[in-house]
Amino acid sequence: MSFLPTFIQTLAIDQADVAAELQSGLLSPVARLSPKFFYDPLGSQLFTAITQLAEYYPTRTEARIFARHGMDIAQHAPAQAVLIDLGAGCCTKAARLFPTLRPRAYVAVDISADFLRDTLQGLARQHPALPMCGLGMDFSNDLVWPASAQDWLQSLGAQNQPRIVFYPGSSIGNFQPDQALALLRQAHALCRQGADGGGLLIGVDLVKPESVLQAAYDDALGVTAAFNRNILLHTNALLGSDFNPRLWDHVACFNGLHSRIEMHLQSRIRQQVRWPGGRRHFEAGERIHTENSYKWTLTGFADLLRLAGFDPLVHWTDEADWFGVFWARA
Ligand SMILES: C[S@@+](CC[C@H](N)C(=O)[O-])C[C@H]1O[C@@H](n2cnc3c(N)ncnc32)[C@H](O)[C@@H]1O
């Protein structure tokens, strides 16, 4: 039997609340834009390019862990589960795990809805026997499982299968620890809605020498800089603002106090940015904070998973302990 991918979208990108969120961030004393706004179709492609860079160790390191320990992971994670890929991007990581995890159905969730739709169409051609559903949604405030997704599982007879929530790439690092805990609790609840045995398979970036981090977030080719500046073009499209990306420098720095890499955009000149109903003055050198990427210790992250309700936990790392993959049973 072959399946066509289903697509469900709970995002309405022109919603007033998106504009309100952008405006409120831009008008904060230290201007900020959420990293979720990196991802329009170009942002998703730029991120895929970042994962190919020599300096960007997380993707390669995590892939090595999955390649080396895949069979062991499959001993813990149930077969025939509903595999829910949070922030699926180009879906490559989940697709590599299909042969070992042997899921009953695949649900790819991403805010970059158009990119996800295109990706799933290609993926469904390669895996015609695996039912796939794309969910275009923003889970940063609430990981709500839409009723239509439940109906889709029901139509497959898969509503009572165990659920594996897959959250690779250390995207959890974009959240402050309290927000990360809230999201993990919601992931726990989502797993518990399926049969026993489900859980979370998550990749997390670990504390390491600052020079390695600095290079990974400020590469020689300037791809990360382009990715960072693209948030301004995406903001222009969503808010109607008049950012000129040429007037902003990419800045990446390690904040040791919070154990996180921060990305900022720094204004090259004194300037005004306008949008319908608002504007902001920026001095030369003033910054917009665009991303945090927290670096965890294995014990710190295990404590967070337990606080979110997951137990027992198993983890795998690379030789240098640069990256960790956890299986956390719900
Ligand atoms: C760092 S990329 C990781 C992509 C892929 N999972 C990987 O590990 O290579 C983050 C992904 O999460 C998606 N994303 C970011 N914020 C999101 C949000 N609030 N809701 C849904 N998806 C989000 C982005 O569109 C992007 O595809």
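Trainee: Which residue has a backbone N or O atom that lies 2.7 Å from a nitrogen atom of the ligand?

Mentor: Keep in mind that this is a predicted model. The shell around the ligand holds 17 residues, and the closest include Lys93, Asp110 and Ile111. The 2.7 Å pair joins a ligand nitrogen to a backbone N or O atom, and the residue that supplies it is Gly87.

Trainee: Which residue puts a polar side-chain atom 2.8 Å from a nitrogen atom of the ligand?

Mentor: Don't mix this one up with Met137, where a polar backbone atom is 3.4 Å from a ligand nitrogen. The 2.8 Å contact uses a side-chain atom, and that atom belongs to Asp138.

Trainee: How much of the ligand's accessible area does the protein cover?

Mentor: Start with the shell, which divides into 7 nonpolar, 6 polar and 4 charged residues. On its own, the ligand has 590 Å² of accessible area, and the share covered by the protein is 91%.

Trainee: On to the sheets. Which strands are the edges of the 8-stranded open sheet?

Mentor: Read along the order, 1-4-3-2-5-6-13-12, with mixed pairing. An edge strand pairs on one side only, and here those are strand 1 (6-9) and strand 12.

Trainee: In that order strand 2 sits beside strand 5. What is the bridge partner of Asp85 in strand 5?

Mentor: Strand 2 (residues 82-86) and strand 5 (residues 162-167) run parallel, paired over 4 bridges. Within strand 5, the partner of Asp85 is Phe166.

Trainee: What about the sheet of 3 strands: by what angle are its neighbouring strands turned against each other on average?

Mentor: That open sheet has the order 7-8-11 and antiparallel pairing. Strand 7 and strand 11 (287-294) are its edges, each pairing on one side only. Ignoring direction, neighbouring strands are turned on average by 20°.

Trainee: Which residue in the hairpin of strand 7 and strand 8 takes a positive phi?

Mentor: Strand 7 (residues 248-255) and strand 8 (residues 260-267) pair over 8 antiparallel bridges, and Phe254 stands opposite Ile261 there. The hairpin has 4 residues between the strands, and the one with phi near 50° is Ser259.

Trainee: And on to strand 11: which residue there stands opposite Glu262?

Mentor: Strand 8 pairs with strand 11 in the antiparallel sense, over 7 bridges. Opposite Glu262 you'll find Asn292.

Trainee: Why is the pair of Tyr57 and Trp322 edge-to-face?

Mentor: A search of the whole structure turns up 15 aromatic pairs. In this one the ring centres are 5.4 Å apart and the planes stand at 70°, so it counts as edge-to-face; the cut-off for that class is over 60 degrees. Tyr57 is in helix 3 (residues 57-76) and Trp322 in the loop between strand 12 (313-317) and strand 13 (323-329), so the pair ties together parts whose separation in sequence is 265 residues.

Trainee: Which residue in that loop between strand 12 and strand 13 has phi near 55°?

Mentor: Most residues other than glycine have a negative phi. Arg102, in the loop between helix 4 (92-101) and strand 3 (105-110), has a positive phi too, but of about 45°. In the loop between strand 12 and strand 13, the non-glycine residue with phi near 55° is Asp321.

Trainee: Last one: what is omega for the peptide bond from Asp311 to Pro312?

Mentor: Pro312 lies in the loop between helix 10 (298-307) and strand 12. Most peptide bonds are trans. The bond from Asp311 to Pro312 is cis, with omega near -5°.

Definitions and conventions
Residues numbered from 1 in each chain as written. Predicted model: local features only at pLDDT ≥ 70, side-chain atom pairs only at ≥ 80, totals over all residues. Heavy atoms only, no water. Pairing = 2+ DSSP bridges. Helix = DSSP H or I, 4+ residues; strand = E, 2+ residues; numbered from the N terminus. Near = heavy atom within 4 Å. Polar contact = N/O pair within 3.5 Å; in protein donor to acceptor, adjacent residues only side chain to side chain. Areas by Shrake-Rupley, 256 points an atom, 1.4 Å probe, with all protein chains shown as cover. Nonpolar A, V, L, I, M, F, W, Y, C, P; charged D, E, K, R; others polar. Axes fitted to C-alpha atoms, helices over the stretch in contact; angles between N-to-C directions. Phe/Tyr/Trp six-rings, centres within 6.5 Å; stacked < 30°, edge-to-face > 60°.
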